[in-house]
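Work through the exercises below with the sequence and the coordinates open. Each task is followed by a solution in steps.

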Amino acid sequence: MLIVDTQQTRAALPFGALIAALHEAFVNPAEVPLRHIHDLGNAVGQPATVLLMPAWNRRYFGIKTVAVYPGNSARALPGLHSTYMLYDSRSGAPLALLDGNEITSRRTAAASALAASRLAREGASSLLVVGAGRVASLLAGAYREVRPIHRVQVWNLNPAKAEDLARELTEAGFAASAASDLQSACAEADIISCATLSTAPLIQRAWLKPGSHLDLIGGFTPQMRESDDACFADTEVFVDTGEALIKAGDLLAPIASGVFNASQVRADLAALCQGDHPGRTDAAQITVFKAVGTALEDLAAAQRVYEAHL
């Protein structure tokens, strides 16, 4: 059984190739049961959740475990820790233990960019990143594979972290800066990508300009929110999978308030990749992509890492 560390996992997942691998996975989807979510809070005395995410195809099956500890930022630790076990579908033999954090963060950013390749305007060049954690730090690099991203603003509840990420992105060749005012930054951005663990809305519909693309990838439980209800009232809404409609607070809240109905979802990512829906059809549309993540993406990434080490 291979043990693939952080650096090796990262090296096997350049964004161009990973986005292509995810596209292929959504065109030829695997079996993906609903994830298991367990609350550890009572046992450990703090907010904590564990996710179990299985998926399989004819060649491989895999299971990702994710430990979510929102309070870890106070300990200078990541809010997520995960591992990925890959097996041979034909024999059940374990093949590899992979760095789940790298798989999760890189496939999340890559899936966001894959959706934007269908939903963001062709000439979109300005990106607002909301958040400054691991996934947020990868978004500009992923988006650059599908759109001509040049200017990047970063907003975070902790301004110092936004400044740090902006410096990193400047070193990577972007015209990057920290945004002090979220409303004005939203009004300027062609693409707004939120990668936070927020439980209260951050983005307001009134701040979005015509033709913009709103990407909501941080929230994955009913309690998590990154946008207000109005963001779903008169926009073109897409999801990564149907699971978003039962897990995402960003969707459940506007559904509960009557602002949005599940039948108004235009398409999921599989339909976009398979050409069953054209995605953006008008330069003035405001598109919204709500993702909760799917084990299909993890399996595609893990398969690529494993095969790179054969």
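**Exercise 1.** List the residues that L214 touches, leaving out residues up to four places away in sequence.

Solution. The model is a predicted one. Taking heavy atoms within 4.5 Å as the criterion, the contacts of L214 are I192, C194, I203, L208, C231, T287, V288 and F289. Next, place L214 in its setting: in the largest nonpolar core, which has 101 residues, L214 is among those with the most contacts inside the core. L128, V130, V152, L182, I192 and I203 are the others named in that group. The element that gives the most to this core is α4, with 9 residues.

**Exercise 2.** Check the length of helix α4 (residues 100–119) against the expected span, and decide whether the helix is largely enclosed or not.

Solution. Step one: the expected span is 1.5 Å times one less than the number of residues. For the 20 residues of α4 this gives 28 Å, and the end C-alpha atoms are 28 Å apart, so the two agree. Step two: 18 of the 20 residues are buried, and therefore α4 is largely enclosed by the rest of the structure. Step three, at the start of the helix: a side-chain oxygen of D99 comes to within 2.9 Å of the backbone nitrogen of N101.

**Exercise 3.** Give the strand order of the open sheet of 8 strands and say which strands stand at its edges.

Solution. The order is β9-β8-β7-β10-β12-β16-β14-β15, with parallel pairing. β9 (175–178) and β15 (267–268) are the edge strands; each has a single partner strand, so one side of each is left without a neighbour in the sheet. At the β15 end, β14 (residues 236–239) and β15 run parallel and are joined by 2 bridges, with A267 in β15 as the bridge partner of F238. Helix α5 (residues 134–143) lies across β7, β8, β10 and β12, and runs at about 160 degrees to β7.

**Exercise 4.** Trace the pairing of β5 (residues 80–88) with β4 and with β6.

Solution. Start with β4 (residues 60–68): it runs antiparallel to β5, and 9 bridges join the two. Within this pair, I63 stands opposite M85 in β5. Then take β6 (residues 94–99), which pairs with β5 in the antiparallel sense over 5 bridges. Here Y87 stands opposite P94 in β6. Finally, inspect the hairpin of β5 and β6: 5 residues lie between the strands, and G92 takes a positive phi near 80 degrees.

How values were computed: Residues numbered from 1 in each chain as written. Predicted model: local features only at pLDDT ≥ 70, side-chain atom pairs only at ≥ 80, totals over all residues. Heavy atoms only, no water. Pairing = 2+ DSSP bridges. Helix = DSSP H or I, 4+ residues; strand = E, 2+ residues; numbered from the N terminus. Axes fitted to C-alpha atoms, helices over the stretch in contact; angles between N-to-C directions. Buried < 20%, exposed > 50% of the residue type's maximum accessible area, 1.4 Å probe, protein only. Polar contact = N/O pair within 3.5 Å; in protein donor to acceptor, adjacent residues only side chain to side chain. Core = buried A, V, L, I, M, F, W, Y, C linked by side-chain atoms within 4.5 Å.
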